[in-house]
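Reader: I am new to this structure and would like to go through it by question and answer. Could you begin with the ligand and then move on to the rest?

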Amino acid sequence: MKVPLLDLKPQYNSLKLELDEALLRVAESQYFILGPEVDKMEKEFCNFLGSKYAYGVSSGTDALLLALMAIDINPGDEVILPTYSFFATAGVVARLNAVPVLTDCDPVTFNIDPNDIEKRITKKTKAIIPVHLYGQSADMDPIMEIAQKHNLYVIEDAAQAISTQYKNGKSVGTIGHIGCYSFFPSKNLGCFGDGGLVTTNDDELAYKLKIMRVHGGDPKYYHKVIGGNFRIDALQAAVLSVKLPHLNSWSQKRRNNAELYSKLFIEKGLASAEGMTQFNDIEKILLPKAVYESDTLQNFHIYNQYVVRVKHRDELRAFLTDKSIGTEIYYPIPFHLQECFNYLGHNKNDFPVSEFCADTSVALPIYPELSGEQINYVVDSIEEFLS
Ligand SMILES: *Cc1c(COP(=O)(O)O)cnc(C)c1O
């Protein structure tokens with residue numbers, strides 16, 4: 001049996017008629033950049049997310065960069081963010097010659113540890129970037145409290161978490177000042193290339209995001225501020241309009257898949273249901289734990305990735321590769337150990353939880369169309385490796 005980490009074809013096939021029609025419609029209009037398809041898509045995302053403003057942009061990375069430019073991040077400003085995330089979260093800060101100030105992550109959720117934020121605030125701190133890693137919300141209440149107390153902006157990196165909710169039922173990305181999303185094809189809502197979105201409820205920030213997306217001119221060719229080319233294509237917007245109505249049902253399937261994985265691992269005595277954070281004699285696999293689940297609300301964890309932690313992770317990956325099972329490591333090296341961030345002056349053991357995650361975590365296939373047989377095969381194969 002083959003179990004790829006991700007297979008985009010079943011989703012395309014299930015919507016092929018509508019998607020092909022949308023692509024043709026754009027081709028026939030010959031209206032490629034921004035325009036009516038993008039306006040329509042942005043309204044749909046405002047409704048879906050419960051956000052006052054939403055602007056389509058060129059990628060998730062550019063969403064973050066644009067957000068930092070809109071809040072006026074200048075050289076030398078400090079921005080607090082988790083050391084354990086996709087590179088873009090720190091890369092955009094460094095590209096503006098601002099300083100990424102790193103924090104460790106929570107041992108259960110892998111998300112920024114709110115207890116590690118306040119002691120890193122200085123006079124130069126301007127913003128915090130919580131990342132909703134793997135599709136689970138960061139703990140936003142204490143983060144917003146710290147931000148208010150110290151007058152900081154909160155830019156949410158929701159690139160892996162569109163449709164995720166926090167415990168108050170709010171969509172992630174609409175809790176802080178600006179939300180940033182990615183539609184990279186492998187994300188839980190992917191377009192046909194690069195694409196992203198920024199959201200805000202703030203009128204002034206919305207104006208800056210909108211004009212800085214097109215070089216900062218208002219009117220065109222008259223520039224008070226410097227922006228960039230952060231535009232999204234009409235083609236991507238048309239694809240997203242077709243896909244968005246299906247997002248919640250895909251999230252539900254990911255959640256069902258995660259539940260089946262966890263049930264099987266626990267039944268086999270390989271893992272505990274308690275959300276363990278350290279290995280012991282019994283628990284050979286540490287399972288992801290959805291910490292904000294409730295009966296009345298949904299989508300607290302949408303499992304953009306299903307990440308377990310195991311000892312001998314690299315040997316396990318090789319074993320699974322031989323069995324035609326795709327896996328990935330998100331991410332093998334935290335920012336503080338990346339060569340390009342040597343200048344930040346960090347050492348090994350500075351952020352022990354993140355290092356533990358980087359050394360032991362492995363993502364298993366979780367995409368919505370995965371079958372029960374495939375999930376059973378993955379769990380059986382892991383059991384075989386561990387025995
Ligand atoms: C994917 C991702 C990004 C960047 O999105 P792109 O669309 O690939 O530029 C940023 N942050 C996180 C956490 C991501 O997973």
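Author: This is a predicted model, and a good place to start is Thr61, where an N or O atom of the side chain is 2.5 Å from an oxygen atom of the ligand.

Reader: How many residues surround the ligand, and which are the closest?

Author: Besides the side chain of Thr61, a polar side-chain atom of Ser182 lies 2.6 Å from an oxygen atom of the ligand, while Gly60 has a polar backbone atom 2.8 Å from a ligand oxygen. The ligand is surrounded by 16 residues, and the closest of them are Gly60, Thr61, Gln160, Ser182 and Lys187.

Reader: Lys187 appears among the closest residues to the ligand; over the face of which residue does Lys187 lie?

Author: A charge counts as lying over a ring if, among other conditions, NZ of Lys is within 6 Å of the ring centre. Lys187 is at 5.8 Å from the centre of the ring in question, and the residue that carries this ring is Phe86.

Reader: Turning to the aromatic residues, how are the rings of Phe87 and Phe341 arranged?

Author: A search of the whole structure finds 16 aromatic pairs. In the pair of Phe87 and Phe341, the ring centres are 5.7 Å apart and the planes lie at 20°. Planes under 30 degrees apart count as stacked, so the arrangement of Phe87 and Phe341 is stacked.

Reader: Where in the chain do these two residues sit, and how many residues apart are they?

Author: Phe87 is in the loop between strand S2 (78–82) and helix H5 (88–95), whereas Phe341 is in the loop between helix H10 (313–322) and helix H11 (352–360). The pair therefore links distant parts of the chain, and the separation is 254 residues.

Reader: Is Phe341 buried or exposed?

Author: The partner, Phe87, has a relative accessible area of 38% and is partly exposed. For Phe341 the relative accessible area is 2%, and since the limit for burial is under 20%, Phe341 is buried.

Reader: Which residues form one aromatic cluster with Phe87?

Author: The stacked partner Phe341 belongs to this cluster, and two further residues take part in it. Taken together, the cluster is formed by Phe87, Phe335, Phe341 and Tyr343.

Reader: What is the span of helix H9 from its first C-alpha to its last?

Author: Helix H9 covers residues 247–267 and has 21 residues. At 1.5 Å a residue the expected value is 30 Å, and the span in the model is close to it, reaching 30 Å.

Reader: Asn257 lies in helix H9; what distance separates its side chain from the backbone oxygen of Tyr367?

Author: Asn257 is buried, with a relative accessible area of 8%, and it is one of the buried residues of H9, which also include Trp250, Arg254, Ala258 and Tyr261. Leaving aside its neighbours within four places in sequence, Asn257 is in contact with Ile366, Tyr367, Pro368, Leu370 and Ile375. Within this group, the backbone oxygen of Tyr367 lies from a polar atom of the Asn257 side chain at a distance of 3.0 Å.

Reader: What value does phi take at Gly269, the residue that follows H9?

Author: After H9 comes Gly269, and its phi is positive, near 75°.

Reader: Which peptide bonds are cis, and what is omega for the one that joins Tyr330 and Tyr331?

Author: Most peptide bonds are trans. One cis bond joins Asp218 and Pro219, with omega about -5°, and Pro219 lies in the loop between helix H7 (203–212) and helix H8 (234–243). Another cis bond joins Tyr330 and Tyr331, and Tyr331 is found in the loop between H10 and H11. For this bond, omega is about 10°.

Reader: Where is Gln30, and what is its phi?

Author: Most residues other than glycine have a negative phi. Gln30 is found in the loop between helix H2 (16–29) and helix H3 (36–49), and at 53% relative accessibility it counts as exposed. Although Gln30 is not a glycine, its phi is positive, at about 55°.

Reader: Is Asn97 buried or exposed?

Author: Asn97 is placed in the loop between H5 and strand S3 (99–103), and its phi is near 60°, a positive value in a residue other than glycine. Its relative accessibility is 54%, and because the limit is over 50%, Asn97 counts as exposed.

How values were computed. Residues are numbered from 1 along each chain as its sequence is written. This is a predicted model: local features need pLDDT of at least 70, side-chain atom pairs count only at pLDDT 80 or more; totals for chains, interfaces and linings use all residues. Side-chain values use heavy atoms; hydrogens and water are left out. Helices (H or I, at least four residues) and strands (E, at least two) are DSSP runs, numbered from the N terminus. Buried means under 20% relative accessible area, exposed over 50%, partly exposed in between (1.4 Å probe, protein chains only). A polar contact is a pair of N or O atoms within 3.5 Å; within protein, one must be able to donate a hydrogen and the other to accept it, and residues adjacent in sequence count only if both atoms are side-chain atoms. Contact means heavy atoms within 4.5 Å. The expected span of a helix is 1.5 Å times one less than its number of residues. Rings of Phe, Tyr and Trp (its six-membered ring) pair if their centres lie within 6.5 Å; planes under 30 degrees apart count as stacked, over 60 as edge-to-face and the rest as tilted. A charge sits over a ring if NZ of Lys or CZ of Arg is within 6 Å of the ring centre and within 35 degrees of the ring normal. A residue is near a molecule or strand if one of its heavy atoms lies within 4 Å of it.
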